[in-house]
Amino acid sequence: MAFTIYQEIYSETATELLKALESGETEIRINSAGGNIFSAITMYNLLKDKDVVIRIDGFCASAATLIACGGKCIAAANSLFLRIMVKLYRRGIVGVKKFTG
């Protein structure tokens, strides 16, 4: 039986994945719009050195895409509704500081 990620990704999802991998799970099924990026990074790191097949059953977006990239092999459903989305994360500060003095 495969480990499924069919919900938003939280830290609990990473804990459940760790338990599944320790029990010998070799298939992950994804249908998720994403979630917590820090949990997804943890899950990616858990998967990247394992011989795990990722199956995308429908929607794989944002943080879920990062998890999918951790698999050894990625298989996607043959469907018009398949969506894989990756966001480019940016961080910055924009503004004006007036110094008086």
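Helices and strands here are runs assigned by DSSP and numbered from the N terminus, and with that in hand we can walk through this predicted model. Directly after helix H1 comes Gly24, with a positive phi near 100°.

Let us look at H1 itself. For its 12 residues, a rise of 1.5 Å a residue predicts a span of 16 Å, and the end C-alpha atoms are 17 Å apart, which agrees. Thr13, Ala14, Leu17, Ala20 and Leu21 are the buried residues to find in H1. Viewed down the axis of H1, these buried residues lie within an arc of 120°, so they line one face of the helix. The spacing makes sense, because an α-helix has 3.6 residues a turn and residues three or four places apart point the same way. Turn H1 to its other side and you meet Lys19 and Glu22, which are exposed. Among the elements that cover the buried residues of H1 are E1, E2 and H2.

Moving on from Gly24, we come to Glu25, in the loop that runs between helix H1 (11-22) and strand E2 (27-32). What does a buried Glu25 have around it, given that it has no salt bridge? The nearest side chain of opposite charge belongs to Arg29, and it is 9.1 Å away. A salt bridge would need the nitrogen and the carboxyl oxygen to be within 4 Å. What Glu25 does have is a polar atom of its side chain lying 3.4 Å from the backbone nitrogen of Glu27. Leaving aside residues up to four places away in sequence, Glu25 also touches Met1, Ala2, Phe3, Ala20 and Val52. One of these, Ala20, is also among the buried residues of H1.

Next along the chain is helix H2, residues 37-47. Its N-terminal end is capped by Asn36, which places a side-chain oxygen 2.8 Å from the backbone nitrogen of Phe38. Within H2, the residues Ser39, Ala40, Met43 and Leu47 are buried. Around the axis they cover an arc of only 100°, which puts them on the same side of H2. The buried residues of H2 pack against several elements: strand E1 (3-5), H1, E2, strand E3 (53-61) and helix H3 (63-68).

Finally, let us turn to the charged side chains of E2 and E3. How many salt bridges does the model contain? The count comes to 3. In one of them, the side chains of Arg29 and Glu27 meet with an N to O distance of 3.8 Å. Glu27 is buried, at a relative accessible area of 19%, a value that falls under the 20% limit for that class. Arg29 counts as partly exposed, with 27% relative accessibility.

Glu27 also forms a salt bridge with Arg55, at 2.3 Å from N to O. Since Glu27 lies in strand E2 and Arg55 in strand E3, the pair ties together parts that are 28 residues apart in sequence. Arg55 counts as partly exposed, at 32% relative accessibility.

Arg29, in turn, meets Asp57 in a salt bridge of 2.9 Å, N to O. Here Asp57 lies in strand E3 and Arg29 in strand E2, so this pair too ties together parts that are 28 residues apart in sequence. Asp57 is partly exposed, with a relative accessible area of 26%. Through shared partners, the salt bridges join Glu27, Arg29, Arg55 and Asp57 into one network.

Notes
Residues numbered from 1 in each chain as written. Predicted model: local features only at pLDDT ≥ 70, side-chain atom pairs only at ≥ 80, totals over all residues. Heavy atoms only, no water. Helix = DSSP H or I, 4+ residues; strand = E, 2+ residues; numbered from the N terminus. Buried < 20%, exposed > 50% of the residue type's maximum accessible area, 1.4 Å probe, protein only. Lys, Arg positive; Asp, Glu negative; His and termini not counted. Polar contact = N/O pair within 3.5 Å; in protein donor to acceptor, adjacent residues only side chain to side chain. Contact = heavy atoms within 4.5 Å. Arc of directions from axis to C-beta. Expected span 1.5 Å × (residues − 1).
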